[in-house]
Amino acid sequence: MEHNPANEIKEVMWKFLMDYGQQPNIPALKSYVYDLIQMTTQKTAGQRQIKGHISWEELDMTMMSIVIEATALVLSGELDKLK
């Protein structure tokens with residue numbers, strides 16, 4: 001889908017979902033992605049607690065954080081500047 005359907009809504013409550021309604025946090029997005037990479041490549045796969053390893057109990061929150069930050073990046077318009 002190339003068009004943001006939230007742009008058609010005129011209610012103030014949905015302004016955060018409209019284009020240019022967010023500010024991106026690229027360092028946070030990178031951090032969450034690197035955490036996900038660490039979680040999926042650590043030798044224990046999160047089964048045993050070893051110092052420096054990330055528990056797989058954090059997987060859902062890490063993935064949701066990536067989705068939120070990626071959404072903010074798209075809605076901010078910053079991603080369009082890379083095209």
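The exercises below concern a predicted model of one protein chain.

**Exercise 1. Overall makeup**

Determine how many helices and strands the protein chain has, and what share of its residues counts as buried.

Solution. Begin with secondary structure: the protein chain holds two helices and zero strands. Next, take burial: 25% of the 83 residues count as buried. Then turn to the surface, where the protein chain exposes about 6,600 Å². Carbon and sulfur atoms supply 60% of that area. Finally, consider contacts between residues at least 6 apart in sequence: 49% of them join residues at least 24 apart.

**Exercise 2. S76**

Decide whether S76 is buried or exposed, and state what its side chain reaches.

Solution. First place the residue: S76 belongs to helix α2, which covers residues 59-76. The relative accessibility of S76 is 11%. Buried means under 20%, so S76 counts as buried. Its side chain reaches the backbone oxygen of L73 at 2.8 Å. Leaving aside residues up to four places away in sequence, S76 touches Y20, Q22 and P24.

**Exercise 3. The salt bridge**

Find which residue forms a salt bridge with E78, and classify the accessibility of both partners.

Solution. A search of the whole structure gives one salt bridge. E78 forms a salt bridge with K81, and the closest N and O atoms are 3.0 Å apart. For E78, relative accessibility is 33%, so this residue counts as partly exposed. For K81 the value is 63%. The cut-off for exposed is over 50%, therefore K81 counts as exposed.

**Exercise 4. The segment before α1**

Locate G21 and L17, and describe the surroundings of each.

Solution. G21 lies in the segment before α1. With 30% relative accessibility, G21 counts as partly exposed. Residues up to four places away in sequence being left out, G21 touches K15, F16 and L75. G21 and N7 are 14 residues apart in sequence, and their C-alpha atoms are 9.9 Å apart in space.

L17 also lies in the segment before α1, a helix of residues 26-41. Its relative accessible area is 31%, so L17 is partly exposed. Patch residues need over 30% relative accessible area. L17 is a member of a nonpolar surface patch together with I9, W14 and F16. Together, these four residues have about 310 Å² of accessible area. F16 thus appears in two places: as a patch member and among the residues that G21 touches.

Terms used
Residues numbered from 1 in each chain as written. Predicted model: local features only at pLDDT ≥ 70, side-chain atom pairs only at ≥ 80, totals over all residues. Heavy atoms only, no water. Patch = residues over 30% accessible without salt bridge, like charges linked within 9 Å, V, L, I, M, F, W, Y side chains within 5 Å. Areas by Shrake-Rupley, 256 points an atom, 1.4 Å probe, with all protein chains shown as cover. Salt bridge = Lys/Arg side-chain N within 4 Å of Asp/Glu carboxyl O. Helix = DSSP H or I, 4+ residues; strand = E, 2+ residues; numbered from the N terminus. Buried < 20%, exposed > 50% of the residue type's maximum accessible area, 1.4 Å probe, protein only. Polar contact = N/O pair within 3.5 Å; in protein donor to acceptor, adjacent residues only side chain to side chain. Contact = heavy atoms within 4.5 Å.
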